[in-house]
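The report that follows is meant to be read alongside the sequence and the coordinates, and it moves from single residues to helix packing and then to backbone geometry.

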Amino acid sequence: MNTPPSPSGAEHTDRSSIRLGALVPLTRPGWVEAGRHLLAGLDLAVREVNDAGGIDGRPLELVVRDTAADPERAAAAVDELAHLGVAAVVGEYHSVVARAAAARADALGVPFLCSSAVLDALTEEPTEWVARLAPAQSHGWQIYADFLLRAGRRRIAVATQPSVYWASGTRILRDHLAPRGGTVLELDATLTPEALCDALVDHGATALLLLVGHPEPAVPIVRAVRRDRRLAEILVGAPAGQPEFAEWAAALGEDGAGIPFLRYLPERLGPLGERVGKKLRERLGEAPSFVAFEGWDTVNVLAAVLRSHGTDRAAVAESWPRVAVEGTRGPIRFSRTPGISVWQWTWTPVQVVDRDPAEPDRFRILHAG
């Protein structure tokens, strides 16, 4: 592997800390609640590694940078973290932001283990420097499309905003549904909620998927649909996972229940997942989302890599295909997957779930892939 000229992650003295750069959305317009869960998982795992003696006696140090869902800010953060001598960069929730971070990490020769972003084309060309824990969008969203078909929903409308991520999701849905008798109608999310409801009625849509930001315009769209008697039988869905977080339930109450979304958890956690989940709940003051588990698994993987391969950046990146680590949601290994440009865990468990209308704090598993 040709390493681009950049500060080496191995330039620490024997007992100095080993730095990991962490990219996390902590301020608006980033999804702050997702960032909080991601950081809780990252930080808990770092603390556990250090409590167990660190990496050959050297502590891990998490150097956190707020991306605020801004791709340029994320790319600049990777530059800064590379200059600070981090052994690797971890994290990020937003796909478009992670794509910018991955491109910069690839250019600089800095290993990047992406925790949560799912966009298939995380880099334009195949790279040895980037690996990912979250399932690729095409994998998860095809499972979601299968759920729609099993539920008898074939006339699908999507309320969408301009974004590579939303456009990719729309294409995945259309390509998977069309051969199976489904149709996908795109509706511009800049329509007024009332006009959007009229369009759903005119189209005879049996499902509306929210491929939009939260809280705007997702919250007013959901409220309008829920209050329109003509749409009493329509399924409202949010494959990107907005209803996972308590902020969704707080904003929408009963209106936010019964909206299926994707999350990346097994039906039952094993002993490791149960132990980590309990600690995450204590730190967060609420049930941990799958994003918190992704954060913990990220550091757990990198700790194993650093123990076995050292802190040299090229050695870390070269280790991706040899990773074999027990994660909170199953054994983690990376491989090359057709159509995916980075080293990919294939696959974390995928569920379609919703909040139970009778008990909105409880999640119901509707479909598993």
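## Local environment, helix packing and backbone geometry

With a relative accessibility of 42%, Asp188 counts as partly exposed, because the value falls between the limit of 20% under which a residue is buried and the limit of 50% over which a residue is exposed. The model is a predicted one, and local features are considered here at pLDDT of at least 70. Asp188 belongs to strand S7, which covers residues 183-188. The C-alpha atom of Asp188 is separated by 8.4 Å from the C-alpha atom of Val158, a residue 30 places away along the chain.

**Buried residues and their contacts**

Glu48 is part of helix H1, which runs over residues 32-51. Its relative accessible area is 17%, so Glu48 is buried under the 20% limit. When neighbours within four places in sequence are left aside, Glu48 is in contact with Arg275, Lys279 and Trp296. The C-alpha atoms of Glu48 and Val299 are separated by 9.9 Å, although the two residues are 251 residues apart along the chain.

Thr337 is located in the loop between strand S13 (334-335) and strand S14 (343-345). The relative accessibility of Thr337 is 17%, and Thr337 therefore counts as buried. Apart from neighbours within four places in sequence, the contacts of Thr337 are with Gln344, Thr346 and Trp347.

Two cysteines can be described in the same terms. Cys114 is buried, with a relative accessible area of 0%, and Cys197 is likewise counted as buried, at 2% relative accessibility. How many disulfides does the model hold by the distance rule? The count comes to zero, where the rule asks for a pair of cysteine sulfur atoms within 2.5 Å.

**Two helix pairs**

Helix H6 (residues 193-203) packs with helix H7 (residues 218-227) at an angle of about 55°, and the axes of the two helices are 9 Å apart. This angle makes H6 oblique to H7, and the crossing in which H6 passes H7 is right-handed. On the H6 side, the contact is formed by Pro193, Leu196, Cys197 and Leu200, and on the H7 side by Pro220, Ile221, Ala224 and Val225. Sorted by class, the contact of H6 with H7 consists of eight nonpolar residues, with no polar and no charged residues. Cys197, which takes part in this contact, is the residue given above as buried at 2% relative accessibility.

Helix H9 (residues 271-284) and helix H10 (residues 290-309) form another pair, whose axes come within 10 Å and cross at roughly 115°. H9 and H10 are therefore roughly perpendicular to each other, and their crossing is right-handed. The residues making the contact are Leu272, Gly273, Arg275, Val276, Gly277, Leu280 and Leu284 of H9, together with Ala292, Phe293 and Trp296 of H10. By class, this contact of H9 with H10 has seven nonpolar, two polar and one charged residues. Arg275 and Trp296, which belong to this contact, are also among the residues in contact with Glu48.

**Backbone geometry**

Most residues other than glycine have a negative phi, and most peptide bonds are trans. Against that background, two residues with positive phi and two cis peptide bonds can be pointed out.

Asp56 and Ala68 are listed below with their backbone angle, their place and their accessibility.

| Residue | Phi | Place | Relative accessible area |
|---|---|---|---|
| Asp56 | near 50° | loop between H1 and strand S2 (60-66) | 63%, exposed |
| Ala68 | near 50° | loop between S2 and helix H2 (71-83) | 6%, buried |

Phi is thus positive, near 50°, in Asp56 and also positive, near 50°, in Ala68, whereas Asp56 is exposed at 63% and Ala68 is buried at 6%.

Which peptide bond leading into Pro215 is cis? The bond from His214 to Pro215 is cis, with omega near 5°, and Pro215 is placed in the loop between strand S8 (207-211) and H7. A cis peptide bond also joins Glu216 and Pro217, with omega about 0°, and Pro217 lies in the loop between S8 and H7.

How values were computed. Residues are numbered from 1 along each chain as its sequence is written. This is a predicted model: local features need pLDDT of at least 70, side-chain atom pairs count only at pLDDT 80 or more; totals for chains, interfaces and linings use all residues. Side-chain values use heavy atoms; hydrogens and water are left out. Axes are lines fitted to C-alpha atoms, for helices over the stretch in contact, and angles run from 0 to 180 degrees between N-to-C directions. Helices (H or I, at least four residues) and strands (E, at least two) are DSSP runs, numbered from the N terminus. Angles under 35 degrees count as roughly parallel, over 145 as roughly antiparallel, 65 to 115 as roughly perpendicular and the rest as oblique. A crossing is left-handed if the near helix is turned anticlockwise from the far one by less than a right angle, and right-handed if clockwise. Contact means heavy atoms within 4.5 Å. Ala, Val, Leu, Ile, Met, Phe, Trp, Tyr, Cys and Pro count as nonpolar, Asp, Glu, Lys and Arg as charged, and the others, Gly among them, as polar. Buried means under 20% relative accessible area, exposed over 50%, partly exposed in between (1.4 Å probe, protein chains only).
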